[in-house]
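Hi everyone, thanks for coming. Let me walk you through a structure that may be new to you, and please have it open in front of you.

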Amino acid sequence: MLAMLNTKDKILDTAIVLFAERGVGNCTIRDIADEVGIKAPSIYYFYKSKEALLEEIFDEFEYRFPQNRMTVKKILELARKSSVVETLSALFYTFGTGEDPDPVKTVKICKIVFSQQFENQRASQLWKEIYIEGSKQHIMDALNGLQMMGKIRRIDNDWAAYIIMAFLSQVFNEAMLYNQSARESEKRHNAVISLLVSAFANNVAP
């Protein structure tokens, strides 16, 4: 039973890597089987189709993406002992500050969902609800908490969250569309974070 579970996990992990690197439409069940080291028909014991594999990847996105964000509670705890700049930096970072043990894998999953949002209704819904609306609400909740603590001045949180998401989404979209390397993507992301933190810290510090 353990061997079967390991094989299923290996199939899923391999599909995530190949779908992210080549695109879902350019990857076949045989490609996945070859990478795993099994015969193609064996995959159908675990997944009825490539679409079933894709659905499980969507499930992974729904579960994993929120874990990549530092919770509002932890952001407010950080604010009690850190500067406004440090707190805003933690808030604006999208990946790697939460409880997800493998943020690199989650970035690959995000790339798959992003690429499928115009072809798959569920992918479109998940991207809108979890990445866009979920991230915006997370930022609004954190800003509201920081205001209540007196760490930042009162501002229009909805508009502020919209601006932040516009900047971060542009960087993320460029990384996905132009297949930027992890180093290049991180460099641009850090540059945007630095710009946002500087702008907000200068304008919202009490």
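**A cluster of rings**

Let's begin with one aromatic cluster, formed by Phe61, Phe65, Phe114, Trp127 and Tyr131. Before we zoom in, please keep in mind that this is a predicted model. Across the structure, the count of aromatic pairs comes to seven.

Here is one of them: phenylalanine 65 and tyrosine 131 pair edge-to-face, with 5.6 Å from centre to centre and 65 degrees between the planes. Where do the two partners of this pair sit along the chain? Phenylalanine 65 is in the loop between α4, residues 50-64, and α5, while tyrosine 131 belongs to helix α8. They are 66 residues apart, so you can see this pair linking distant parts of the chain.

Are phenylalanine 65 and tyrosine 131 buried or exposed? Both are buried. For tyrosine 131 I can give you the value: its relative accessibility is 2%, and buried means under 20%, so tyrosine 131 counts as buried.

Now to another pair, phenylalanine 114 with tryptophan 127. Their ring centres lie 5.5 Å apart and their planes meet at 65 degrees; over 60 counts as edge-to-face, so that is what we call this pair. Phenylalanine 114 comes from helix α7, residues 103-116, and tryptophan 127 from helix α8, with their positions 13 residues apart in the numbering. This pair, too, is one that links distant parts of the chain.

Why do we call these two buried? Phenylalanine 114 has a relative accessibility of 9%, so it counts as buried, and tryptophan 127 counts as buried because its value is 4%.

One more distance in this cluster: the C-alpha atoms of tyrosine 131 and phenylalanine 114 are 9.6 Å from each other, and these residues are 17 apart along the chain.

**Two helices side by side**

Let's stay with helix α8 and look at how another helix packs on it. In general, two packed helices are described by the angle between their axes and the distance between the axes. Here, helix α5 (residues 72-81) and helix α8 (residues 121-148) pack at about 35 degrees, with their axes 10 Å apart. The crossing of α5 past α8 is right-handed.

Which residues make the contact? From α5 we have Val72, Ile75, Leu76 and Ala79, and from α8 come His138, Asp141, Ala142, Gly145 and Leu146. Sorted by class, this contact has six nonpolar residues, two polar and one charged.

That's my tour. Thanks for listening!

Key:
Residues numbered from 1 in each chain as written. Predicted model: local features only at pLDDT ≥ 70, side-chain atom pairs only at ≥ 80, totals over all residues. Heavy atoms only, no water. Axes fitted to C-alpha atoms, helices over the stretch in contact; angles between N-to-C directions. Helix = DSSP H or I, 4+ residues; strand = E, 2+ residues; numbered from the N terminus. Left-handed = near helix turned anticlockwise from the far one by under 90°. Contact = heavy atoms within 4.5 Å. Nonpolar A, V, L, I, M, F, W, Y, C, P; charged D, E, K, R; others polar. Phe/Tyr/Trp six-rings, centres within 6.5 Å; stacked < 30°, edge-to-face > 60°. Buried < 20%, exposed > 50% of the residue type's maximum accessible area, 1.4 Å probe, protein only.
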